Amino acid sequence: MERKKYNISVEATLEVIGGKWKCVILCHLTHGKKRTSDLKRIMPAITQKMLTQQLRELEDDGIVNRIVYNQVPPKVEYELSEYGRSLEPILNALCNWGDQHIVREYGDKALMLEDNGLNDFGSEDHKELMKQ
């Protein structure tokens, strides 16, 4: 089998975390373990089928760990693997850029982001962005 060659390294990154949902899933997992139902609740626009597919792909790539608890009813949680944690600086940079973009385009990120406990609207960073 012939090995794939990339034009530039970012292609390899995007092959693993690209697409509409993978980075969103990973950002949520940076805040701790989540069950599939937790992810579905905080990402209502994703279909169950797509969520399952994306989690399987991230698991296959070694980015997330799937933890199965031997109990009834069955319990499954997902967490970032050690390898997946190496993506945190990239995910943080994407979130920071998104904050700046939202403020630039819409003025106030509190108007554009869900109040889901993950978005900090009162932080010093937010106040600093509002000044720009």
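**Exercise 1. Salt bridges**

Find how many salt bridges the structure holds, and describe the one between Glu-15 and Lys-4.

*Solution.*
Step 1: Start with the total: the structure holds 7 salt bridges, where a salt bridge is a side-chain nitrogen of Lys or Arg within 4 Å of a carboxyl oxygen of Asp or Glu. Keep in mind that this is a predicted model, in which local features need pLDDT of at least 70 and side-chain atom pairs count only at pLDDT 80 or more, while totals for chains, interfaces and linings use all residues. Residues are numbered from 1 along each chain as its sequence is written, and side-chain values use heavy atoms, with hydrogens and water left out.

Step 2: Now look at Glu-15 and Lys-4, whose closest N and O atoms are 2.7 Å apart in their salt bridge. Glu-15 sits in helix H1 and Lys-4 in the segment before H1, so this pair ties together parts that are 11 residues apart in sequence. Helices (H or I, at least four residues) and strands (E, at least two) are DSSP runs, numbered from the N terminus.

Step 3: Check the surroundings of both residues. Lys-4 is exposed at 54% relative accessibility, and Glu-15 is partly exposed at 41%. Here, buried means under 20% relative accessible area, exposed over 50%, and partly exposed in between (1.4 Å probe, protein chains only).

**Exercise 2. Two more charged pairs**

Describe the salt bridges of Asp-38 with Arg-41 and of Glu-105 with Arg-104.

*Solution.*
Step 1: In the salt bridge of Asp-38 and Arg-41, the closest N and O atoms are 3.2 Å apart. These two residues are 3 apart in helix H3 (residues 36–42), which means about one helical turn separates them. Asp-38 is partly exposed, at 22%, and Arg-41 is exposed, at 56%.

Step 2: The side chains of Glu-105 and Arg-104 meet at 3.9 Å, N to O. Glu-105 is partly exposed, with a relative accessible area of 44%, whereas Arg-104 is exposed, with 69%.

**Exercise 3. The sheet**

Work out the order of the strands in the open sheet, and say which strands stand at its edges.

*Solution.*
Step 1: The open sheet has 3 strands in the order E1-E3-E2, with antiparallel pairing. Strand E1 (34–35) and strand E2 (64–69) stand at the edges with a single partner strand each, so one side of each has no neighbour in the sheet. Two strands pair if DSSP finds at least two bridges between them.

Step 2: Follow the pairing of E2 with strand E3 (residues 75–80), which is antiparallel and runs over 6 bridges. Val-64 has Leu-80 in E3 as its bridge partner, and Ile-67 stands opposite Glu-77 in E3. A hairpin of 5 residues joins E2 to E3.

Step 3: Recall the general rule: strands of a sheet pair through backbone hydrogen bonds, either parallel or antiparallel.

**Exercise 4. Helix H2**

Is helix H2 largely enclosed or open, and where does H2 lie relative to the strands?

*Solution.*
Step 1: H2 (residues 22–29) lies across E1, E2 and E3, at about 95 degrees to E3. Axes are lines fitted to C-alpha atoms, for helices over the stretch in contact (heavy atoms within 4.5 Å). Angles run from 0 to 180 degrees between N-to-C directions.

Step 2: Of the 8 residues of H2, 7 are buried, so the rest of the structure largely encloses this helix. Among them are Cys-23, Ile-25 and Leu-29.

**Exercise 5. Trp-21**

Locate Trp-21 and list its contacts beyond four places in sequence.

*Solution.*
Step 1: Trp-21 is found in the loop between H1 and H2, and is buried, with a relative accessible area of 14%.

Step 2: Leaving aside neighbours within four places in sequence, Trp-21 is in contact with Met-43, Ala-45, Ile-46, Met-50 and Gln-54. Trp-21 and Gln-54 are 33 residues apart in sequence, yet 7.3 Å apart in space, C-alpha to C-alpha.

**Exercise 6. The whole chain**

State how many helices and strands the protein chain has, and what share of its residues count as buried.

*Solution.*
Step 1: The protein chain has 8 helices and 3 strands. From the N terminus on, the elements run α-α-β-α-α-β-β-α-α-α-α.

Step 2: Of its 132 residues, 27% count as buried.
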